[in-house]
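Hi,

Here is the structure I promised to pass on. Have a look at it first, and then read my notes below.

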Number of protein chains: 2
Amino acid sequence: MATHVQQFNVPQCYRDKILKWNGWGYNDSAFILENGVVKFTGSRYDMSGTKMPQFRPWFEANIGVRIDYVTPSQARTDLIAPEPINNQEFIDYLRANDIAYSNAAQHRIARSHGHTVHDIVRLRHGKLERIPDLVVWPNSEQQVVKVVEAANQFNVVIIPIGGGTSVSNALECPSEEKRSICSLDMAIMDKILWIDDSNFLCRAQAGIIGQSLERQLNAKGYTCGHEPDSIEFSSLGGWVATRASGMKKNKYGNIEDLLVHVNMVTAKGVIRKHCQVEVPRISSGPDLHHVILGSEGTLGVITEVTIKIFPLPEVKKYGSFVFPTFGHGVDFFREVAKQQCQPASLRLMDNEQFMMGQALKSEVKSFWESLSTKLAKIYLTKWKGFKVIS
Amino acid sequence: MATHVQQFNVPQCYRDKILKWNGWGYNDSAFILENGVVKFTGSRYDMSGTKMPQFRPWFEANIGVRIDYVTPSQARTDLIAPEPINNQEFIDYLRANDIAYSNAAQHRIARSHGHTVHDIVRLRHGKLERIPDLVVWPNSEQQVVKVVEAANQFNVVIIPIGGGTSVSNALECPSEEKRSICSLDMAIMDKILWIDDSNFLCRAQAGIIGQSLERQLNAKGYTCGHEPDSIEFSSLGGWVATRASGMKKNKYGNIEDLLVHVNMVTAKGVIRKHCQVEVPRISSGPDLHHVILGSEGTLGVITEVTIKIFPLPEVKKYGSFVFPTFGHGVDFFREVAKQQCQPASLRLMDNEQFMMGQALKSEVKSFWESLSTKLAKIYLTKWKGFKVIS
């Protein structure tokens, strides 16, 4: 059965153009085998284009990876998208209001999942079950209001999507849903609206991607301080909707600490605090921000967000300690908490995790280059029994 | 009309015994005139028992206070409490369940108001309008549950009260309320339940008063870090219910930052997070704590609270800067915010407020003793035009 594709004014989204359809990250960046040695392709990262001679032997020895056991992904064209349930009144309304949309399979599939391992395995080897029937791309809060009102009027389900890196299954369509499901993609609402240099605030549209927000703030001498692992692909609105945590939360706080104001379009209207000035704290009454935070798109569409911003640090300094046992490391963390002297980021790794990290290093770098003396190496390995990939 | 007083097992509360019925604080601590000089009575504070020779002249000259213009409070006995609306089924239920209560006028009056200037003026010069009909003193969360269930069953209104220092009118009874109004006093639920030295947490019953909590924590080397102006009289549960801010929030955070867990008894059951361990943060879903925070007693009764605690600071250091203009001070505050180098507390005062503070000093202390040299005094007053009470 051939689907009649209905689409209007579809934007050229990075999601559809440069991201893997069946995995994490960019099309051009992947681990490959070259003459039996693992290499990372592309040119986006420091590690891009370099060989990792320790990668294969370590994973073979420790994780049980067998290089001759391959599980190639099915082709994208093997994935059969179910026929969309078109709500024609809704689609006609969108067209009449100049709101971009598409019911093409590739747009719907790309917005049907998050990025859990389960999601990716299903894309590579599984079948599509219930997926969105339509994708819309509003370009303003006013358009979001129209989409939500129309969804209400015509009995359409909305699932908002930001960066699509969700690991909470919030993008999954309920299999029993008979109404038309509309994926509301925030991709083109990606602008910084203003930066307040006096109060260290920034307001942006919720669809802005973390790395874009951070790059623009950096250019003005600021950082947003929020650095989830997904920052390259996740969106500001998604951070709020998922109550995200960042790697530098010790210094800057988690997203709930950074959030100052947020607009959410709901079926009953737009929720926003009526503060003429952007006050940093309101002590009267419950704080509905904390109902929006973590709402995962179930209560409305986050359209605009005001966050705290911070001057870029003058210095970034990295360091490491080696503890005799993992327990000593835990004690160290407790002492740091007690003395309230946390650096921006602090992580405790066991020896195995450390070695895996070493196995991912490129051939031109190694842990030992960062150790100042051979004596330190001998002390750690011979005296303390710390295992390394030399 | 003589009221038949119904009471059972009424506890001896500090509120009824040692606090002013018509003003802030302790009965024994007040400003009086002695030979024309202002003196602070009692022995509770550093300033207690000392004379303040600058107090009267400064207030006469700057605030227009006239010492011969007096507005004495009416006597407590002049305040006529309205007849209580007794819900006898409810009262009988309390008695049958060993829950302390009283409908005596003095207990009801003391729990009919907060501590706004308006509240105090009304006590001193006004009439009582609608006040609670009954006071109950549950001694456990189980008793709170029983009171709330019975209120639901017998159609009684509950207004919870902690320290009674509310400035939000949350303790005011709606004048049109025809149902029996029950003031649920948390006074005897005032115990610390446990302190967790590993995770720096403390769980206490919500009725514990700030100074009692802090004194007990101090004895174990901790501080709760929350220091509202009302800390002598306000309660832990009240801090949560009013979303309180403390003077040292720069270092320790406001109550919403300190709150880790809370139990609230509602008409539909007890709300609490089901975490077996006291996890510091939950990223999934909306955070109902922030609906409880600031709920002002309207949604339920806060019974138990887990807060973060901190090691006592090794050093407390105080200091001051003098700015050429108020605007320079504001700029300084912005720069401190930018550089994120806030001390625990930081306040900007204008010259008038500074002088009022000086006027409150006792005769044996003065600002100038804290200035290291006479040169500094001359520099500030002659060169910079800074006004002081010398």
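A:I67 sits in the loop that runs between helix 2 (55-62) and helix 3 of chain A. This is a predicted model, so please read everything here as computed from it. With a relative accessibility of 36%, A:I67 counts as partly exposed, because that class lies between the 20% limit for buried and the 50% limit for exposed. A:I67 also helps to form a nonpolar surface patch of about 310 Å², together with A:L33, A:I63 and A:V65.

Next along the chain comes helix 3 (residues 88-96), where A:F90, A:I91, A:Y93 and A:L94 are buried. Viewed down the axis of helix 3 of chain A, the buried residues lie within an arc of 160 degrees, so they line one face of the helix. In an α-helix there are 3.6 residues a turn, so residues three or four places apart point the same way. What do the buried residues of helix 3 of chain A pack against? Their partners are strand 5 (100-102), strand 6 (134-137), helix 6 (141-154) and strand 8 (181-185) of chain A. On the face turned away from that buried side, helix 3 of chain A carries the exposed residues A:E89 and A:A96. Just after the helix, A:D98 adopts a positive phi of about 60 degrees.

Now for the two chains. Chain A superposes on chain B by a rotation of 180 degrees with 0.0 Å of shift along the axis, at an RMSD of 0.1 Å. That is the relation of a two-fold axis. The same surface serves both copies, as 100% of the contact residues of chain A recur in chain B. The residue of chain A that comes closest to the rotation axis is A:H290, at 3.0 Å (C-alpha).

Best wishes

Definitions and conventions
Residues are numbered from 1 along each chain as its sequence is written. Chains are lettered from A and ligands numbered from 1 in the order in which they are written. This is a predicted model: local features need pLDDT of at least 70, side-chain atom pairs count only at pLDDT 80 or more; totals for chains, interfaces and linings use all residues. Side-chain values use heavy atoms; hydrogens and water are left out. Buried means under 20% relative accessible area, exposed over 50%, partly exposed in between (1.4 Å probe, protein chains only). Helices (H or I, at least four residues) and strands (E, at least two) are DSSP runs, numbered from the N terminus. The arc is that of the directions from the helix axis to the C-beta atoms. Contact means heavy atoms within 4.5 Å. Patches are made of residues with over 30% relative accessible area and no salt bridge: like charges are joined within 9 Å, nonpolar side chains (Val, Leu, Ile, Met, Phe, Trp, Tyr) within 5 Å. Accessible areas come from the Shrake-Rupley method with a 1.4 Å probe; for residues, only the protein chains shown count as cover. A salt bridge is a side-chain nitrogen of Lys or Arg within 4 Å of a carboxyl oxygen of Asp or Glu. Copies are superposed by least squares on the C-alpha atoms of residues with pLDDT of at least 70 in both.
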